Amino acid sequence: MNFEYDPISLAQYAKFCNCNSQDCSCGENNVHEWAWDKENATYTIILSKNDLEVKFHNGYSYGTAAVRGNKILEKGKYHYWEIKMLTPVYGTDIMVGVGTNKVDLNNTKHVFCSFLGLDRESFGFSYQGYIQHGGEKRKYGPCFGQGSLVGIYLDTWRGTLEFFLNRKSLGIAFTGLRDFMLYPMVCSTAAQSKMRLTYSCSVPVSLQVTCLSVLKSSHRAYLSTMFPGLRYLTQSIFADILKNDSNSDDENETDELELYETDYMILDDFDFALVGMSRKKKKKCTHDYSFGQDLNSL
């Protein structure tokens, strides 16, 4: 699938806040389980602020620069991290995602390309709104730019990868990742572009954590009050990440689900899919539709 440069769509990206400074700390949390790895980065990358901030191409850009995290994303855990775009996002591509230790980070240092997902060892989400793996691209979500906060959620138990934009889920992007040993990765072709790792955490897979996905906001508030020992879960960021669509909007009974068509593509013998716009949204019901009967039949 070909993706043409669309300046109108790129100009309509959403920011996490209204700050215009690179020193903005809105939405940031001083929790970091890992940082960027200076030993596994393209030579044109400069790391700063305890290796949390990365600058690509300090002078001119001659290709694609990439860096990976200094810690593997362990099996048997839920992993979540957030990256803030500090400078204008432009050029061939700027991407976030994951990849294995087989990814050659210097392979395209003199080539302008969409690096993450270019081969079968990595999975990427582009600032232009598409996802990529094995060189195959699919439309996925809205664009992101300077001031956007991009979240990445890896469920190693189910083998799924999901992206968030300004703390709002865009839906599952990739499935079938259980057999991959993955590292966090970012890449950019834009000269003097900067981004910062603002948060990274993980929790072991457990029945308690899984149950968060079916708890409504009122249920979580009750558990926090009655069982203080569970607050580390009910008040954690995973309580919001794991909640499913049925309880994400305080269960307004007058709302009706609006489903976007999902575009799946299964690639060869790899048991995974690139998923298109699949996020469910709530839509106010103003007419007497028969759509509810169709939902019940699914």
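**View 1. Met85 of strand 5 faces Met195 of strand 14.** In this predicted model, these two methionines stand opposite each other across a pair of strands. Strand 14 covers residues 193-204, and its pairing with strand 5 is antiparallel, with nine bridges between the two. Met85 itself is buried, and it points the same way from strand 5 as Lys77, His79, Trp81 and Ile83.

**View 2. Ile83 links strand 5 to strand 10.** Look here for Val150, the residue in strand 10 that is the bridge partner of Ile83. Strand 10 spans residues 149-155 and runs antiparallel to strand 5, to which seven bridges join it.

**View 3. Strand 5 is mostly covered.** Follow this strand through residues 77-85 and you will find that nine of its nine residues are buried. Which residues point the other way from Lys77, His79, Trp81, Ile83 and Met85? They are Tyr78, Tyr80, Glu82 and Lys84, and these are buried as well.

**View 4. Ala66 and its contacts in strand 4.** Now let us turn to another strand. Ala66 sits in strand 4, which is made up of residues 65-69. Why is Ala66 counted as buried? Its relative accessibility is 2%, and buried means under 20%, so Ala66 qualifies. Setting aside neighbours within four places in sequence, Ala66 is in contact with Ala41, Thr42, Ile45, Leu105, Phe115, Val186 and Cys187.

**View 5. Ala66 and Val54.** This last view takes in two residues that are 12 residues apart along the chain. The distance between the C-alpha atoms of Ala66 and Val54 is 9.7 Å.

Notes. Residues are numbered from 1 along each chain as its sequence is written. This is a predicted model: local features need pLDDT of at least 70, side-chain atom pairs count only at pLDDT 80 or more; totals for chains, interfaces and linings use all residues. Side-chain values use heavy atoms; hydrogens and water are left out. Buried means under 20% relative accessible area, exposed over 50%, partly exposed in between (1.4 Å probe, protein chains only). Helices (H or I, at least four residues) and strands (E, at least two) are DSSP runs, numbered from the N terminus. Two strands pair if DSSP finds at least two bridges between them. Contact means heavy atoms within 4.5 Å.
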